[in-house]
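Trainee: Could you take me through one part of this model in detail? I would like to see how a single helix sits against the rest of the chain.

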Amino acid sequence: GLLEEQIMQDVSILNRDWLLIGRQVRTAFDKLVDLLAIDANGTVIVIELKRDKTPRDVVAQAIDYASWMIDPDEPTQPIARKAKKEPWNGEFYASFGPDYPWEDARRLGFICGGGATWYSKTLAMLSEGDRVWVYIPKIGYVGVGEVIGERCRAEAYRFDTSEGPKTLLEMALIEGYPQLDSAKDDDEAEYLVPVRWLHTVSRKEAFSEVGLFGNQNTVCKPTTPKWSHTITRLNQVWRIDDSEKGP
């Protein structure tokens with residue numbers, strides 16, 4: 001409808017901190033979500049446009065969608081308990097897929113994601129100069145760096161090498177990046193953001209302990225107390241200093 005088109009063009013008419021990541025998304029219940037978005041904290045937002053439906057029908061559908069969106073790896077929180085929030089500290093969280101080439105990302109300087117807009121679109125939240133802390137799910141935190149460029153298709157970005165500028169497809173990678181495919185459309189393509197690393201570690205040296213922040217989104221702006229605790233612990237363990245200029 002017209003309203004859905006208007007929201008697609010400018011989601012800020014609902015909330016300026018939301019980012020649209022899907023339209024007419026099919027759920028496991030074989031129903032379609034009108035619009036899917038995430039907020040600055042990485043929370044998934046379902047946008048449903050309803051007309052001529054009773055409140056009971058709307059609530060029932062909302063419950064269906066909520067159950068579909070629950071992350072099975074995270075404990076379900078009681079609905080009545082409102083999560084504590086604090087002002088965002090200006091530092092980003094990034095989830096680096098366990099099947100992605102971390103050693104190549106360390107060596108060349110990038111974070112990435114793709115396969116669907118859910119995984120790639122939030123990379124656009126990052127801008128030059130932003131600090132980003134990188135976590136590999138179920139492994140731990142592996143790096144922190146400063147963004148030095150904008151999101152772009154991964155196979156198109158040219159890295160400076162001793163043999164001149166080269167793309168990932170033109171280089172011999174340590175771990176390989178089989179997801180790269182220049183024939184994929186923009187929704188399914190792989191994307192990367194170039195980063196100047198301040199500190200990185202291998203998967204074997206990843207830092208993990210109870211109480212650290214984690215999130216399924218590729219990039220988010222956490223506003224929970226757990227995030228500030230995580231940054232404090234990583235600074236302590238890695239001895240990060242704002243004046244550091246390299247990994």
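Mentor: Let us take helix α5 and set it in its surroundings. Keep in mind that this is a predicted model. For context, the protein chain has five helices and 10 strands, and 41% of its 247 residues count as buried. Among contacts between residues at least 6 apart in sequence, 67% join residues at least 24 apart.

Now to the helix itself. α5 covers residues 225–238, 14 residues in total. At 1.5 Å a residue it should span 20 Å, and its end C-alpha atoms are indeed 20 Å apart, so expectation and model agree. Its buried residues are Trp-227, Thr-230, Ile-231, Leu-234 and Trp-238. Viewed down the axis of α5, these residues fall within an arc of 100°, and therefore they line one face of the helix. The spacing fits a general rule: an α-helix has 3.6 residues a turn, so residues three or four places apart point the same way.

What lies over that face? The cover on the buried residues of α5 includes strands β4 (91–95), β6 (131–136), β7 (140–147) and β9 (190–200). Just after the helix comes Arg-239, with a positive phi near 55°.

For a contrast, look at the surface, where Leu-3, Ile-13 and Leu-14 make a nonpolar patch of about 270 Å². Ile-13 sits in the loop between α1 (2–9) and β1 (19–26), and it counts as partly exposed because its relative accessibility is 48%.

Key. Residues numbered from 1 in each chain as written. Predicted model: local features only at pLDDT ≥ 70, side-chain atom pairs only at ≥ 80, totals over all residues. Heavy atoms only, no water. Helix = DSSP H or I, 4+ residues; strand = E, 2+ residues; numbered from the N terminus. Expected span 1.5 Å × (residues − 1). Buried < 20%, exposed > 50% of the residue type's maximum accessible area, 1.4 Å probe, protein only. Arc of directions from axis to C-beta. Contact = heavy atoms within 4.5 Å. Patch = residues over 30% accessible without salt bridge, like charges linked within 9 Å, V, L, I, M, F, W, Y side chains within 5 Å. Areas by Shrake-Rupley, 256 points an atom, 1.4 Å probe, with all protein chains shown as cover. Salt bridge = Lys/Arg side-chain N within 4 Å of Asp/Glu carboxyl O.
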